[in-house]
Amino acid sequence: MKKFLIFCFLFLLFIPLQFSAGISFSASNSIYAKIESSGIFLYSSPKAENDSKLFEIPNSYFVRLIENANDDFYYCVYKDVYGYVLKNEVTAMDGTPINPFVESSFRVYAPSGLGLYSSPILSDQYKKTVIPYLTDTLTYYGTIIGQEAIPDKSSMWIYCKYNFDTTSYGYVYSVFCDKLPTITTNTERFNVIEVPFLKENGGAKELTSVAMGFIIVGVSLPCLIVLFLLVKPSLQKEKANSTKPKLKRGKNRDYFEFDESDLT
């Protein structure tokens, strides 16, 4: 009986471990999609509207797909920026690229500092912060056409990340930027995946470690309750046997003697 209970205990512990391993595998089993033409954008919402465009993804590079957002869009991530791409504009592939993203920084050189905006428009309404003169640690993501802030100059804005006291994402006017990356063609390519996600799963996002922990606890608790119910009858039986008075048979007698020492 004890061996059986030990086996049950190990089996019940194994279930949540397997469950968590399955979750980890799903989260790490990434699908990358290649950008194979110019003019492909990362969107802030699954709507093919200009107001939803974040930036143009560099041609020949990749986004990491997370799930189906709807019939037209994938939910995905480029570096650490989450957004959406049109399904018919990317090619899902069975492989993990070595250089999926353009990894580069650049510099701003406006003497009075350069504004970082939530939209590619030179307006205090959208200004998030001012980047100091000659800051050269801005993370480059991509570009977008916005306001031509200086007449007869460029209308190109750069989507970037600025780290100082806090991390801020937004647009800077390209006229006052230099040391921009020279984007080379990424020649990495893999077998095409025709249907990356077989099941439409609504708007669920990647599981966080906290959510994963709650799921594992939720699976483990019923297992422990079942284990307790299995062990409880055996414990009660052992307790009853240990407290039951013993009767001793008298020598050459046809009756039993009660041993009071069994009660102490």
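A residue counts as buried under 20% relative accessible area, as exposed over 50%, and as partly exposed in between. In this predicted model, Tyr133 has a relative accessibility of 45% and therefore counts as partly exposed. Tyr133 sits in a loop, with β10 (127–131) on one side and β11 (138–145) on the other. Together with Tyr109 and Leu134, Tyr133 makes up a nonpolar surface patch. The accessible area of the three residues comes to about 280 Å².

The protein chain as a whole holds 17 strands and 2 helices. Its length is 264 residues, and 36% of them count as buried. The exposed surface of the protein chain is about 16,600 Å². Carbon and sulfur atoms supply 56% of that surface. Contacts were also examined by separation along the chain. Among contacts with a separation of 6 or more, 61% join residues 24 or more positions apart.

Aromatic rings were searched across the whole structure, and 19 aromatic pairs were found. One of the pairs is formed by Trp157 and Tyr173. Their ring centres are 5.2 Å apart. Their planes meet at 40 degrees, so the pair is tilted rather than stacked (under 30 degrees) or edge-to-face (over 60). The pair links distant parts of the chain, with the two positions 16 residues apart in numbering. Trp157 belongs to strand β12 (residues 156–163), and Tyr173 belongs to strand β13 (residues 167–173). Trp157 and Tyr173 are both buried. An aromatic cluster was also identified. Its members are Phe55, Tyr78, Phe101, Tyr141, Tyr159, Tyr169 and Tyr171.

The cysteines were considered next. A disulfide requires two cysteine sulfur atoms within 2.5 Å, and by this rule the count is 0. Cys177 is in no disulfide. The nearest cysteine sulfur to that of Cys177 belongs to Cys160, at 7.4 Å. Cys177 has a relative accessible area of 8% and so counts as buried. Cys76 is likewise buried, because its relative accessible area is 0%. Both values fall under the 20% cut-off, whereas the 45% of Tyr133 places that residue in the partly exposed class.

Definitions and conventions
Residues numbered from 1 in each chain as written. Predicted model: local features only at pLDDT ≥ 70, side-chain atom pairs only at ≥ 80, totals over all residues. Heavy atoms only, no water. Helix = DSSP H or I, 4+ residues; strand = E, 2+ residues; numbered from the N terminus. Buried < 20%, exposed > 50% of the residue type's maximum accessible area, 1.4 Å probe, protein only. Contact = heavy atoms within 4.5 Å. Areas by Shrake-Rupley, 256 points an atom, 1.4 Å probe, with all protein chains shown as cover. Patch = residues over 30% accessible without salt bridge, like charges linked within 9 Å, V, L, I, M, F, W, Y side chains within 5 Å. Salt bridge = Lys/Arg side-chain N within 4 Å of Asp/Glu carboxyl O. Phe/Tyr/Trp six-rings, centres within 6.5 Å; stacked < 30°, edge-to-face > 60°.
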